[in-house]
Each structure stands twice: as C-alpha cells, then as structure tokens.
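Here are my notes on this one, written as a few numbered points. Keep the picture open while you read.

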Amino acid sequence: LALALSGCRGNELPDGMDEDKGSSAGLAVMSQLTKGEYEEVYDALREDVREQTSADDIKKMMDAATEGRGSFKKVKDSMVTGVTNTEEVHGIAVIRAKYDKKSVIFRIAFDPEMNLIGLDVRGK
C-alpha cells in the first residue's frame, strides 16, 4: 500500500467521502500523534472503536513505530485511498513522515461520516 506514495492514486473513496477532507483529517491526527497528544486522538475515535483500545495502546504503537528514529521532521508525501470491499467502507489517509533517521508510515482510517475508526503506525 505505501511502497511508493509519490504520485500514486489510491482506490476510489466510498460515496460521500472527499479526498481533500480525508487528507486534512489524516494530517491533523498525524500531527497530534507526533506531538504525543494520545488522549486527544483516543477521544476522537468513534465510540465503538474507542471501546477496543486505550490512549496507552496508542502511545505504545507510536513508541514502537518511532523507536530509534529520532524526532519528527516533515511529511514526505501522502495519499488517500478507499476501502469498499469490506463490511464497513472507509477511507484511509496514508502519510509517510520523515524522522531524523528513517521514515514512519501513518495509516489513519475514517468512516464516510469522517469519524476516526482506525490507526496503524509503523516504521518503514
């Protein structure tokens, strides 16, 4: 999914979802994560998703993804892709962020109403 994001277009977004809104929302969540605002991200999760995780789980995911990479520097590139072949259709903002040493890939998922429904952060 995130092998080469530059110039890539993702899958079509679910009906009613807007690529620019998905991108902006994803970048906003990524910014919160890079600043350590895990409670705020947790609070933004849709209620049913929030019941399955915790702010501490989000912090652990970020710690694991960024371990040994230094500080966040900048967004290298991003794209928005749709997932329409599952029970719950959604859009995912995929963001490649440059850190001091290596990149980190953020995948931030939203339902068609733009509720935050998922996070995946991994070192590249």
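1. Start with a pair of facing residues: A97 sits opposite V104 of strand 3. Keep in mind that this is a predicted model. Strand 2 (90-99) and strand 3 (103-110) run antiparallel and are joined by 8 bridges.

2. Now zoom out to the sheet. It's an open one with 4 strands, in the order 1-2-3-4, and the pairing is antiparallel. Strand 1 (72-83) and strand 4 are at the edges with a single partner strand each, so one side of each has no neighbour in the sheet. On average, neighbouring strands here are turned by 15° against each other, ignoring direction.

3. Next, what lies on the sheet? Helix 1 goes across strand 1, strand 2, strand 3 and strand 4, at about 125° to strand 3. Helix 4 packs on the sheet too, touching strand 2, strand 3 and strand 4, and its direction makes about 25° with that of strand 4.

4. Which residues of helix 4 are buried? They are A55, I58, M62, A65 and T66. These cover an arc of only 90° around the axis, which puts them on the same side of helix 4. Their cover includes helix 1 (19-34) and helix 2 (38-44), along with strand 2, strand 3 and strand 4. On the face turned away from the buried side, you'll find exposed K60 and A64.

5. A quick length check on helix 4 (residues 55-66): at 1.5 Å a residue, its 12 residues should span 16 Å, and the end C-alpha atoms are 17 Å apart, which agrees. After helix 4 comes G68, with a positive phi near 75°.

Definitions and conventions. Residues numbered from 1 in each chain as written. Predicted model: local features only at pLDDT ≥ 70, side-chain atom pairs only at ≥ 80, totals over all residues. Heavy atoms only, no water. Helix = DSSP H or I, 4+ residues; strand = E, 2+ residues; numbered from the N terminus. Expected span 1.5 Å × (residues − 1). Buried < 20%, exposed > 50% of the residue type's maximum accessible area, 1.4 Å probe, protein only. Arc of directions from axis to C-beta. Contact = heavy atoms within 4.5 Å. Pairing = 2+ DSSP bridges. Axes fitted to C-alpha atoms, helices over the stretch in contact; angles between N-to-C directions.
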